[in-house]
Amino acid sequence: MVGKFMLVLFVVAIFQLYSSPVSANPAIITGYDPMEVCIENCAQCKKMLGAWFEGQLCAESCIKYRGKMIPDCENYASISPFLNKL
């Protein structure tokens with residue numbers, strides 16, 4: 001009796017699983033916000049370079065240029081405006 005009930009319950013669960021639509025939203029399809037990426041990169045560069053990197057100035061430029069110039073911490077040309085000489 002319990003075995004039949006478990007089998008029926010299992011079949012109903014499988015039916016529900018396959019009959020309900022899945023609404024997945026992967027990030028690749030939805031895109032990304034360049035300003036968000038820019039500000040996150042500024043924070044990452046600040047963590048990597050510490051006092052030599054002006055994180056506040058970097059984030060302000062992200063806002064000013066609306067994320068058009070995304071800094072790359074490993075590319076000197078993209079972060080040179082935000083480096084200080086201590």
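Analyst: A residue counts as exposed when its relative accessible area is over 50%, as buried when the area is under 20%, and as partly exposed in between. The model here is a predicted one, and we can try these cut-offs on it.

User: Thanks! Why does Arg66 count as exposed?

Analyst: Its relative accessibility is 63%, and the cut-off for exposed is over 50%, so Arg66 counts as exposed. You will find Arg66 in the loop between α4 and α5.

User: What makes the phi of Arg66 worth a look?

Analyst: Most residues other than glycine have a negative phi. Arg66 is not a glycine, yet its phi is positive, at about 55°.

User: Why is Pro34 called partly exposed?

Analyst: Pro34 has 31% relative accessibility. Buried would need a value under 20% and exposed one over 50%, so Pro34 counts as partly exposed. This proline is in helix α3, and its C-alpha is 7.5 Å from that of Arg66, with their positions 32 residues apart along the chain. Pro34 also touches Gly67 and Ile70, leaving aside residues up to four places away in sequence.

User: And why does Ser61 count as buried?

Analyst: Ser61 comes out at 15% relative accessibility. The limit for buried is under 20%, so Ser61 counts as buried. Ser61 lies in helix α4 and, not counting residues up to four places away in sequence, touches Arg66 and Phe82.

User: What makes the approach of the Ser61 side chain to the backbone oxygen of Cys58 a polar contact?

Analyst: The distance is 2.7 Å, and a polar contact needs N or O atoms within 3.5 Å, one able to donate a hydrogen and the other to accept it. The side chain of Ser61 reaches the backbone oxygen of Cys58 well inside that limit, so the pair fits the polar-contact distance. Ser78, in helix α5, offers another example: a polar atom of its side chain is 3.0 Å from the backbone oxygen of Asn75. Ser78 also touches Ile70, Pro71 and Asp72, again not counting residues up to four places away in sequence.

User: How many aromatic pairs are found in the whole structure?

Analyst: A search of the whole structure gives 1 aromatic pair. Its partners are Phe53 and Phe82.

User: Why is that pair of Phe53 and Phe82 called edge-to-face?

Analyst: A pair of aromatic rings is described by the distance of the centres and the angle of the planes. For Phe53 and Phe82 the centres are 6.0 Å apart and the planes make 65°. Centres must lie within 6.5 Å to pair, and planes over 60 degrees apart count as edge-to-face, so both tests are met.

User: Why does this pair tie together parts that are 29 residues apart in sequence?

Analyst: Because Phe53 sits in the loop between α3 (34–49) and α4 (55–64), while Phe82 belongs to the segment after α5. Set against the under 20% limit for buried, Phe53 counts as buried at 1% relative accessibility, and Phe82 counts as buried at 9%.

User: What about Gln56, buried or exposed?

Analyst: Gln56 is in helix α4 and has 55% relative accessibility, so it counts as exposed; the cut-off is over 50%. From C-alpha to C-alpha, Gln56 and Phe82 are 8.9 Å apart, although 26 residues separate them in sequence.

User: Why are α3 and α4 called roughly antiparallel to each other?

Analyst: Two packed helices are described by the angle between their axes and the distance between the axes. Here α3 and α4 pack at an angle of about 170°, with axes 9 Å apart. Angles over 145 degrees count as roughly antiparallel, so α3 and α4 are roughly antiparallel to each other.

User: Which residues meet there, and what are their classes?

Analyst: Met35, Cys38, Ile39, Cys42 and Lys46 of α3 meet Gly55, Cys58, Ala59, Cys62 and Ile63 of α4. By class, this contact has 8 nonpolar, 1 polar and 1 charged residues.

User: How many helices and strands does the protein chain have?

Analyst: The chain has 5 helices and 0 strands, in the order α-α-α-α-α along the sequence. Of its 86 residues, 16% count as buried. Among contacts between residues at least 6 apart in sequence, 68% join residues at least 24 apart.

Note on methods: Residues numbered from 1 in each chain as written. Predicted model: local features only at pLDDT ≥ 70, side-chain atom pairs only at ≥ 80, totals over all residues. Heavy atoms only, no water. Helix = DSSP H or I, 4+ residues; strand = E, 2+ residues; numbered from the N terminus. Contact = heavy atoms within 4.5 Å. Phe/Tyr/Trp six-rings, centres within 6.5 Å; stacked < 30°, edge-to-face > 60°. Buried < 20%, exposed > 50% of the residue type's maximum accessible area, 1.4 Å probe, protein only. Axes fitted to C-alpha atoms, helices over the stretch in contact; angles between N-to-C directions. Parallel < 35°, antiparallel > 145°, perpendicular 65-115°, else oblique. Nonpolar A, V, L, I, M, F, W, Y, C, P; charged D, E, K, R; others polar.
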